[in-house]
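Work through the exercises below with the sequence and the model in view, and try each task before reading its solution.

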Amino acid sequence: KKEYERKRNKKDFSQFVYYLKRKGYIRVKNLEGTEGVLLTKKGVERVWKARSRLTERQKRKDGKWQMIIFDIPEDRRKLRDVLRERLVSLDYEMLQQSVWVCPYDVLKETEEMLRMYSLDPYVKLFLIKEIEV
């Protein structure tokens with residue numbers, strides 16, 4: 001029985017690796033005489049999406065909100081769409097097309113995402129509090 005389970009687990013793992021390669025999430029490469037597995041850019045994006053969905057968000061203790069304002073040129077429209085998709089996955093809410101706010105403490109994840117897509121020149125991050133009139 002143990003031998004059967006070991007073979008079954010090995011087969012399941014092999015099928016999983018094949019699936020990841022077929023989807024383009026990983027690439028198997030020969031590294032210094034040994035085979036290694038590399039995560040592709042598509043794989044990194046998939047991991048980022050899954051991680052952000054599984055993370056339980058905590059509201060900021062100081063009651064402030066994080067705000068992001070961006071102005072991405074028209075020739076980078078696809079990148080702008082990706083940014084909006086990522087902001088939604090981080091639980092940001094849209095105030096206007098290029099102004100988004102979030103009550104959760106997601107600064108670290110936001111900065112990581114901006115670096116990943118090299119969006120720093122087009123984006124401003126703010127920490128804001130609501131002003132009561």
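Helices and strands are here DSSP runs, numbered from the N terminus, with at least four residues for a helix and at least two for a strand. The model is predicted.

**Exercise 1.** Locate Asp91 and Ser118, and state what is notable about the phi angle of each.

*Solution.* Begin with Asp91, which sits in the loop that links H3 to S4. Its phi is near 70°, which is a positive value in a residue other than glycine. As for its surroundings, Asp91 has a relative accessibility of 34% and therefore counts as partly exposed, since that class lies between the 20% and 50% limits. Turn next to Ser118, which belongs to the loop between H4 and S6; although Ser118 is not a glycine, its phi is positive too, at about 55°.

**Exercise 2.** Work out the strand order of the open sheet of four strands, and explain why S4 and S6 each have one side without a neighbour in the sheet.

*Solution.* Reading across the sheet, the order is S4-S5-S3-S6, and the pairing is antiparallel. Strand S4 (93-96) and strand S6 (123-128) are at the edges, where each has a single partner strand, so one side of each remains without a neighbour in the sheet. From one strand to the next, the twist averages 25°. Looking at one pair in detail, S4 joins strand S5 (residues 99-102) through three bridges in the antiparallel sense, and Gln96 has Val99 of S5 as its bridge partner.

**Exercise 3.** Find which strands helix H3 touches and which strands helix H4 lies across.

*Solution.* Helix H3 (residues 77-89) packs on the sheet, where it touches strand S3 (65-70) and S5, and its direction makes about 170° with that of S3. Helix H4 (residues 107-116), for its part, lies across S3 and S6 and runs at about 175° to S6.

**Exercise 4.** Decide whether Thr40 and Phe16 are buried or partly exposed, and describe the setting of each.

*Solution.* Thr40 is in the loop between strand S2 (34-39) and helix H2 (41-54). Its relative accessible area is 16%, which is under the 20% limit, so Thr40 is buried. Once neighbours within four places in sequence are set aside, Thr40 is in contact with Gly24, Tyr25, Ile26 and Arg27. Phe16, by contrast, is part of helix H1 (residues 2-23) and, with a relative accessible area of 47%, is partly exposed. Together with Phe13 and Tyr19, Phe16 forms a nonpolar patch on the surface, and the accessible area of these residues together is about 330 Å².

Technical notes
Residues are numbered from 1 along each chain as its sequence is written. This is a predicted model: local features need pLDDT of at least 70, side-chain atom pairs count only at pLDDT 80 or more; totals for chains, interfaces and linings use all residues. Side-chain values use heavy atoms; hydrogens and water are left out. Two strands pair if DSSP finds at least two bridges between them. Axes are lines fitted to C-alpha atoms, for helices over the stretch in contact, and angles run from 0 to 180 degrees between N-to-C directions. Contact means heavy atoms within 4.5 Å. Patches are made of residues with over 30% relative accessible area and no salt bridge: like charges are joined within 9 Å, nonpolar side chains (Val, Leu, Ile, Met, Phe, Trp, Tyr) within 5 Å. Accessible areas come from the Shrake-Rupley method with a 1.4 Å probe; for residues, only the protein chains shown count as cover. A salt bridge is a side-chain nitrogen of Lys or Arg within 4 Å of a carboxyl oxygen of Asp or Glu. Buried means under 20% relative accessible area, exposed over 50%, partly exposed in between (1.4 Å probe, protein chains only).
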